[in-house]
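I opened this entry to look up strand pairing and cysteines. My notes follow in the order I took them.

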Amino acid sequence: MRYLSVFDSDKDVLVALSDIFLKGEWYDLDCTYSKGIFYQDIQKPKLISDLIPTNKEVVQADSTELNFIEDNSVSSIVFDPPFLFRDRQAVNNDKMCQRFSYFKTFNELMDMYKKSLDCFQRKLIKGGYVFFKCQDMTDGKFYCTHNEIINYATANGFTLKDIAIKA
């Protein structure tokens, strides 16, 4: 099947990337599973974890450590981390900050992303994949987050294979 790089839903992105890179296999781990909204109409990954689990089937684990997984044991990781940061009360009583965790600064956010990527590198088998969802907007401002992630990842042994955009 042929895919474009712009998708209407997270589900469509996950299915396409599985077809393209995992050759139809499904994801081994989602370490930021939250409530599993990605997987409402599709299969869940084999392993699901989150820093603050919402139910008993979700393993409590920090994406910077993933101590419940052996090194060199998974072939694919889905990572949809928090993307919000601010050092003040939201002016609009921000529902996203209430629903998800957030960081005080951009540097704090990037530090968690980098530590998570370092952890993923240990947990992945050689040739494994990280499917990293990021957002460049927070608090109404643009930050080139994806560029920071790409630069760090490629400088630390990852190879950028694709970029998908959710419209």
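**Entry 1: one pair across two strands.** I started from a single pair: Phe 79 stands opposite Phe 132 in E6. The model is predicted, so I keep in mind that local features are reported only at pLDDT of at least 70.

**Entry 2: strand E5.** I then looked up the strand pairing around it. E5 covers residues 74–79 and pairs with E6 in the parallel sense. How many bridges hold E5 and E6 together? I noted five bridges for this pair. Another position in this pairing is Val 74, which stands opposite Leu 124 in E6.

I also checked E5 against strand E2, residues 29–30. These two run parallel and are joined by two bridges. Here Asp 30 has Val 78 of E5 as its bridge partner.

Is E5 mostly covered or mostly open? I found it mostly covered, with five of its six residues buried.

**Entry 3: the whole sheet.** I wrote down the strand order as E4-E3-E2-E5-E6. The sheet has five strands, is open, and its pairing is parallel. Which strands stand at the edges? They are E4 (59–60) and E6 (124–132). Each has a single partner strand, so one side of each is left without a neighbour in the sheet. For reference, strands of a sheet pair through backbone hydrogen bonds.

**Entry 4: cysteines.** I looked for disulfides next, with sulfur atoms within 2.5 Å as the cut-off. The count comes to zero.

Why is Cys 31 not bonded to Cys 119? The sulfur of Cys 119 is the closest cysteine sulfur to that of Cys 31, but at 7.7 Å it is too far for a bond. Cys 31 has 1% relative accessibility, so I list it as buried.

Cys 134 is likewise in no disulfide. Its nearest cysteine sulfur belongs to Cys 144 and is 8.8 Å away. With a relative accessible area of 30%, Cys 134 goes down as partly exposed.

**Entry 5: totals for the protein.** I closed with the overall numbers. The secondary structure comes to four helices and nine strands. Along the sequence I read the pattern as β-α-β-β-β-β-α-α-β-β-β-α-β.

The protein has 167 residues, of which 39% count as buried. About 10200 Å² is exposed, and carbon and sulfur atoms supply 50% of that area. For contacts, I took those between residues at least 6 apart in sequence; 60% of them join residues at least 24 apart.

How values were computed: Residues numbered from 1 in each chain as written. Predicted model: local features only at pLDDT ≥ 70, side-chain atom pairs only at ≥ 80, totals over all residues. Heavy atoms only, no water. Pairing = 2+ DSSP bridges. Buried < 20%, exposed > 50% of the residue type's maximum accessible area, 1.4 Å probe, protein only. Contact = heavy atoms within 4.5 Å. Areas by Shrake-Rupley, 256 points an atom, 1.4 Å probe, with all protein chains shown as cover.
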